[in-house]
Amino acid sequence: MIIRPRSFDHADAVRLNDQVQLEYAARYGDEGDVTPLDASMFEPPNGLYLLAYDAQSRPVATGGWRSQEQNDEGYSDGDAEIKRMFVIPEGRGNGLARRILAALEADARAAGRSRMVLETGDKQPEAIALYASSGYTPCEKFGHYRTYESSICLAKPLL
């Protein structure tokens, strides 16, 4: 597997984002994650978006981080928020999500971010297990879904 930086609006990123949205919709019975995102949020040094490709150059996994500062949605100064972590079903179980997560953490740390944060949901036990085994712990809720009972917010210090 090869992991490459890509723009959030790159055709491969859009394709995987469409797939993850369908999965969110199936798990939660809604339209997917409606958190407002655009490609500029993931541009270095204020973010990064990664895609993993298999040996046939097919995109199989994705994930990104974007800078956040203290605001009325509950973020804190120095936060780096993980967005769109996803591995296609055929690619799961090979450690791709863990590799992307480690690369995102390293990049956010190098960019001077002090805490990695993420929001997931109670119907994503695989994600919860990955983050818990990677040192993430529950934190005060933040972001678009902070008022939803199904929302789970996690954080990990980067410094």
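## Alanine 52 in strand E2

Alanine 52 lies in strand E2. This is a predicted model, and in it alanine 52 counts as buried because its relative accessibility is 0%, while the cut-off for buried is under 20%. Leaving aside neighbours within four places in sequence, alanine 52 is in contact with Ile2, Ile3, Arg58, Pro59, Val60, Ala61, Leu96 and Ile100.

A helpful distance to look up in the viewer is the one to threonine 62, ten residues along the chain from alanine 52. The C-alpha atoms of these two residues are separated by 6.2 Å.

## Aspartate 54 in the loop after E2

Moving along the chain, we come to aspartate 54, which is found in the loop between E2 and E3. Is aspartate 54 buried or exposed? With a relative accessible area of 12%, aspartate 54 is buried, since the cut-off is under 20%.

The side chain of aspartate 54 reaches the backbone nitrogen of glutamine 56 at 2.9 Å. Not counting residues up to four places away in sequence, aspartate 54 touches Met1 and Val60. Val60 is also among the contacts of alanine 52.

## The nonpolar cores

The largest nonpolar core has 36 residues. Those with the most contacts inside this core are Ile82, Met85, Leu104, Met116, Tyr131 and Tyr136. At least two residues of the core come from each of H1, strand E2 (47-53), strand E3 (59-68), E4, H2, E5 and H3. Which element gives the most to this core? That is E2, with six residues. A second, separate core has six residues, including Val117, Phe142, Cys153 and Ala155.

Isoleucine 82 is a good place to start exploring. Setting aside residues up to four places away in sequence, isoleucine 82 touches Gly64, Trp65, Leu101, Met116, Val117, Leu118, Tyr131 and Tyr136. Among these neighbours, Met116, Tyr131 and Tyr136 are on the list of residues with the most contacts inside the largest core. Val117, also touched by isoleucine 82, is part of the second core.

## Arginine 84, a charged residue inside

Arginine 84 has its place in strand E4. Its relative accessible area is 5%, so arginine 84 is buried. Which side chains make polar contacts with that of arginine 84? One is asparagine 17, joined to arginine 84 by a polar contact of 2.5 Å. Another is aspartate 33, where the polar contact is 2.8 Å.

Beyond its neighbours within four places in sequence, arginine 84 is in contact with Phe8, Asn17, Val20, Gln21, Asp33, Thr35, Leu37, Tyr49, Thr62 and Gly63. One of these, Thr35, also lines the largest cavity.

## Pocket and cavity

The largest pocket has a volume of about 810 Å³. Its lining is made of 36 residues, and Tyr24, Met85, Thr120, Gln124 and Ala127 lie nearest its centre. Helix H1 (11-28), strand E4 (79-87), H2, strand E5 (115-121) and helix H3 (125-133) each supply at least two lining residues. E4 gives the most to the pocket lining, with seven residues. By class, the lining divides into 15 nonpolar, ten polar and eleven charged residues. Met85, nearest the pocket centre along with the others named above, is also among the residues with the most contacts inside the largest core.

How many cavities of 30 Å³ or more are there? The count comes to one. About 40 Å³ of space lies in the largest cavity. Thr35, Tyr75, Glu81, Lys83, Glu119, Phe142, Gly143, His144 and Tyr145 line this cavity, giving three nonpolar, three polar and three charged residues. Phe142 also belongs to the second nonpolar core.

## Two partly exposed residues

Alanine 103 is found in helix H2 (residues 96-110), and its relative accessible area of 29% makes it partly exposed. Alanine 103 and glycine 64 are 39 residues apart in sequence, and their C-alpha atoms are 9.6 Å apart in space.

Serine 150 is found in the loop between strand E6 (137-138) and strand E7 (151-157). Serine 150 is partly exposed too, with a relative accessible area of 25%. Not counting residues up to four places away in sequence, serine 150 touches Thr120, Gly121 and Asp122; Thr120 is one of the residues nearest the centre of the largest pocket. From serine 150 to aspartate 72, 78 residues apart in sequence, the C-alpha to C-alpha distance is 20 Å.

Methods. Residues are numbered from 1 along each chain as its sequence is written. This is a predicted model: local features need pLDDT of at least 70, side-chain atom pairs count only at pLDDT 80 or more; totals for chains, interfaces and linings use all residues. Side-chain values use heavy atoms; hydrogens and water are left out. Helices (H or I, at least four residues) and strands (E, at least two) are DSSP runs, numbered from the N terminus. Buried means under 20% relative accessible area, exposed over 50%, partly exposed in between (1.4 Å probe, protein chains only). On a 1 Å grid over the protein atoms alone, a cavity is a set of points where a 1.4 Å probe fits but cannot get out, and a pocket is an open set with protein on both sides within 12 Å along at least five of seven lines; lining residues have an atom within 4 Å of a point. Grid points are joined across faces, edges and corners, and a volume is the space filled by probe spheres set on the points. Ala, Val, Leu, Ile, Met, Phe, Trp, Tyr, Cys and Pro count as nonpolar, Asp, Glu, Lys and Arg as charged, and the others, Gly among them, as polar. A nonpolar core is a set of buried Ala, Val, Leu, Ile, Met, Phe, Trp, Tyr and Cys residues joined through side-chain atoms within 4.5 Å. Contact means heavy atoms within 4.5 Å. A polar contact is a pair of N or O atoms within 3.5 Å; within protein, one must be able to donate a hydrogen and the other to accept it, and residues adjacent in sequence count only if both atoms are side-chain atoms.
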